[in-house]
Amino acid sequence: MYRAQISALVFGVGGFGALVAATASNEWKVTTRASSVITATWVYQGLWMNCAGNALGSFHCRPHFTIFRVEGYIQACRGLMIAAVSLGFFGSIIALFGMKCTKVGGSEQAKAKIACLAGVVFILSGLCSMTGCSLYANKITTEFFDPLFIDQKMGYAYNGPTSVMSSRTKYHGGEGDIKTTNPSKQFDKNAYV
């Protein structure tokens with residue numbers, strides 16, 4: 001029984017760590033790195049800032065300084081991801097109190113109720129993060145397939161910390177997981193300078 005509880009706690013804390021990494025990531029929306037033969041530039045967009053990089057390794061990032069100029073779906077996704085992180089943190093703490101191997105929490109029956117509460121909190125955290133990611137992916141997909149959308153076409157990146165059970169590291173660079181097509185040729189080079 002102790003092994004099952006410890007492994008569940010490890011998976012819960014691991015998911016919480018992946019959730020924190022996904023929330024802080026700037027790779028929620030990216031252009032392909034092979035978008036143009038002449039200029040090897042690409043754009044990363046996240047919940048907190050937008051970045052542009054080139055093949056020489058120079059990156060220029062611009063954070064979202066105000067919430068009033070950020071689109072509504074990004075604000076909703078931010079709120080859902082912050083709620084998921086908060087619920088995951090409290091779920092981890094509650095799960096520690098509900099484990100049989102700890103001395104805190106009271107009787108076995110009280111510990112069982114605490115462990116059940118931790119499971120419910122983890123499920124709510126997962127639902128919040130899944131809703132936020134689905135909302136963001138739906139917006140990107142809708143823009144991508146809209147023929148009247150004239151801005152730079154970007155796709156979502158399902159790599160690195162965005163994948164909840166991902167063990168990938170940055171050594172791979174993410175080239176194989178970017179799901180985009182050619183962006184618009186009207187990219188302003190000075191947009192992030």
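In which helix does alanine 22 lie? In this predicted model, alanine 22 belongs to helix α1, which covers residues 2-24. With a relative accessible area of 5%, alanine 22 is buried, because buried means under 20% relative accessible area. Its position can also be related to a part of the chain beyond the helix: the C-alpha atoms of alanine 22 and glycine 46 are separated by 9.5 Å, although these residues are 24 positions apart along the chain.

The setting of this helix is the whole protein, which contains 3 helices and 5 strands. Read from the N terminus on, the order of the elements is α-β-β-β-β-α-α-β. Of the 193 residues in the protein, 34% are buried. Among contacts with a separation of 6 or more, 58% are made by residues 24 or more positions apart. The protein exposes about 11800 Å², and 66% of that area is supplied by carbon and sulfur atoms.

The helices may now be taken in pairs. Two packed helices are described by the angle between their axes and the distance between the axes. For α1 and helix α2, the latter spanning residues 72-98, the packing angle is about 160 degrees and the axes are 10 Å apart. Angles over 145 degrees count as roughly antiparallel, and α1 and α2 are therefore roughly antiparallel to each other. The crossing in which α1 passes α2 is left-handed. On the side of α1, the contact is made by Gln5, Leu9, Val13, Phe16, Leu19, Val20, Ala22 and Thr23. On the side of α2, the contributing residues are Met81, Ala84, Val85, Gly88, Phe89, Ser92, Ala95, Leu96 and Gly98. Sorted by class, the contact of α1 with α2 comprises 12 nonpolar and 5 polar residues, with no charged residues. Alanine 22, the buried residue of the opening, is thus among the residues of α1 in this contact.

Leucine 96 takes part in the contact from the side of α2, the helix in which it is placed. Is leucine 96 buried, partly exposed or exposed? Its relative accessibility is 41%, so leucine 96 counts as partly exposed, a class that lies between the limits of 20% and 50%. Leaving aside residues up to four places away in sequence, leucine 96 touches Leu9 and Thr102. Leu9 is one of the residues that α1 brings to its contact with α2. Leucine 96 is also 9.9 Å from lysine 111, C-alpha to C-alpha, with their positions 15 residues apart in sequence.

The next pair consists of α2 and helix α3. The axes of α2 and α3 come within 8 Å and cross at roughly 160 degrees. That angle makes α2 roughly antiparallel to α3. The crossing of α2 and α3 is left-handed. The contact of α2 with α3 is divided into 24 nonpolar, 8 polar and 2 charged residues.

Serine 129 is placed in helix α3, which covers residues 108-145. At 12% relative accessibility, serine 129 counts as buried, because this value is under 20%. Which residues does serine 129 touch, not counting residues up to four places away in sequence? They are Leu19, Met81 and Ala84. Leu19 belongs to the α1 side of the contact between α1 and α2, whereas Met81 and Ala84 belong to the α2 side. Serine 129 of α3 thus touches residues that also take part in the contact of α1 with α2.

Definitions and conventions. Residues are numbered from 1 along each chain as its sequence is written. This is a predicted model: local features need pLDDT of at least 70, side-chain atom pairs count only at pLDDT 80 or more; totals for chains, interfaces and linings use all residues. Side-chain values use heavy atoms; hydrogens and water are left out. Helices (H or I, at least four residues) and strands (E, at least two) are DSSP runs, numbered from the N terminus. Buried means under 20% relative accessible area, exposed over 50%, partly exposed in between (1.4 Å probe, protein chains only). Axes are lines fitted to C-alpha atoms, for helices over the stretch in contact, and angles run from 0 to 180 degrees between N-to-C directions. Angles under 35 degrees count as roughly parallel, over 145 as roughly antiparallel, 65 to 115 as roughly perpendicular and the rest as oblique. A crossing is left-handed if the near helix is turned anticlockwise from the far one by less than a right angle, and right-handed if clockwise. Contact means heavy atoms within 4.5 Å. Ala, Val, Leu, Ile, Met, Phe, Trp, Tyr, Cys and Pro count as nonpolar, Asp, Glu, Lys and Arg as charged, and the others, Gly among them, as polar. Accessible areas come from the Shrake-Rupley method with a 1.4 Å probe; for residues, only the protein chains shown count as cover.
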